[in-house]
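Here's a quick briefing to read alongside the structure. Have the viewer open and follow along from topic to topic.

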Amino acid sequence: MDATVSTAETSDAAAAPAAGWQRICRVDDIPVLGARRVARARGMDVAVFRNDRDQVFAVLDRCPHKGGPLSQGIVFGTSVACPLHNWTIALDTGCAQAPDEGCAQAFQVRVDAGEVFLDRQELASLALEATAPVAGPACRRSATD
Ligand code: FES
């Protein structure tokens, strides 16, 4: 199953909690202790995580160290371990645990009646300048490359 959700493909469900929130998927669509990627019209994907307490977090899918795909990391508590060099990233802030430094962009999440929503304005405007690594293990190619 493709783990990527496109914001262009999700509907403006009548169940949206408020204007300005983009429905992404159901909480149950995110694997426990895993993530799904949300493709944006511009900018890198956003990784939407679910922990073992069904808390949902959203962080740019780019580790602040060397750009590793956080969506492929291991979720524990309210953190994710980057799959490349095992930095611990707090899912609520996107920041690396000391002594490591740096933050990935975090996004607001709302969960309403089991549905996950991201702020439409944030999706369209935050971290658009961040780019995926072009070489090395953090480089990801799309299925069309
Ligand atoms: S790229 Fe994430 S820890 Fe190095």
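Let's start at F49: apart from its neighbours within four places in sequence, F49 is in contact with A35, V56, F57, V75, V80 and L91. One of those contacts, A35, also stands opposite F49 in the β3 and β4 pairing, with F49 on the β4 side. Keep in mind that this is a predicted model.

**The nonpolar core**

- F49 belongs to the largest nonpolar core, which has 33 residues.
- F49 is also listed with V46, V48, A58, V59, I89 and L118 as the residues with the most contacts inside that core.
- Which elements give two or more residues to this core? They are β2 (21–26), β3 (34–39), β4 (46–50), β5 (56–60), β9 (106–107) and β11 (115–119).
- The top contributor is β5, with 5 residues.
- As background, nonpolar side chains in soluble globular proteins tend to be buried together.
- Over the whole chain of 145 residues, 34% count as buried.

**Overall layout**

- You'll find 1 helix and 11 strands in the chain.
- Reading from the N terminus, the order is β-β-β-β-β-β-β-β-β-β-β-α, so the helix comes after the strands.
- Among contacts with a separation of 6 or more, 51% are between residues 24 or more positions apart.

**The β3 and β4 hairpin**

- Strands β3 and β4 are antiparallel and pair over 5 bridges.
- Together β3 and β4 make a hairpin with 6 residues between them.
- In that turn, G43 has a positive phi of about 90°.

**The β2-β11-β10 sheet**

- Three strands make up an open sheet here, in the order β2-β11-β10, with antiparallel pairing.
- Why do β2 and β10 each have one side without a neighbour in the sheet? Both stand at the edges with a single partner strand, so one side of each is left free of a neighbour.
- The twist from one strand to the next averages 30°.
- Strand β10 (residues 109–112) is joined to β11 by 4 bridges.
- Two facing pairs are worth clicking on: D112 stands opposite E115 in β11, and R110 stands opposite F117 in β11.
- β10 and β11 also form a hairpin, this one with 2 residues between them.

**The β6-β7-β8 sheet**

- Another open sheet of 3 strands runs in the order β6-β7-β8, again with antiparallel pairing.
- Its edge strands are β6 (74–76) and β8 (88–90), each of which pairs on one side only.
- On average, neighbouring strands of this sheet are turned by 30° against each other, direction ignored.
- Strand β7 (residues 79–81) pairs with β8 over 3 bridges.
- A81 has T88 in β8 as its bridge partner.

**Backbone geometry to check**

- For reference, most residues other than glycine have a negative phi, and most peptide bonds are trans.
- A113 is not a glycine, yet its phi is positive, at about 50°.
- Is A113 buried or exposed? A113 has 9 other C-beta atoms within 10 Å, so this residue counts as exposed; its place is in the loop between β10 and β11.
- A127 is another residue other than glycine with a positive phi, near 55°.
- You'll find A127 in the segment after α1. With 19 other C-beta atoms within 10 Å, A127 is partly exposed, because a buried residue needs 20 or more.
- The peptide bond from A98 to P99 is cis, with omega near 10°. P99 is found in the loop between β8 and β9.

**Pairs far apart along the chain**

- A124 sits in helix α1 (residues 120–125).
- The C-alpha atoms of A124 and A41 are separated by 7.6 Å, although these residues are 83 residues apart along the chain.
- A124 has 14 other C-beta atoms within 10 Å, so A124 counts as partly exposed.
- D29 lies in the loop between β2 and β3.
- D29 and V116 are 87 residues apart along the chain, and their C-alpha atoms are separated by 9.6 Å.
- D29 is partly exposed because it has 16 C-beta neighbours inside 10 Å.

How values were computed:
Residues are numbered from 1 along each chain as its sequence is written. This is a predicted model: local features need pLDDT of at least 70, side-chain atom pairs count only at pLDDT 80 or more; totals for chains, interfaces and linings use all residues. A residue is buried if 20 or more other C-beta atoms lie within 10 Å of its own, exposed if 12 or fewer, and partly exposed in between; C-beta atoms are placed from the backbone. A nonpolar core is a set of buried Ala, Val, Leu, Ile, Met, Phe, Trp, Tyr and Cys residues joined through C-beta atoms within 7 Å. Two residues are in contact if their C-beta atoms, placed from the backbone, lie within 7 Å. Two strands pair if DSSP finds at least two bridges between them. Axes are lines fitted to C-alpha atoms, for helices over the stretch in contact, and angles run from 0 to 180 degrees between N-to-C directions.
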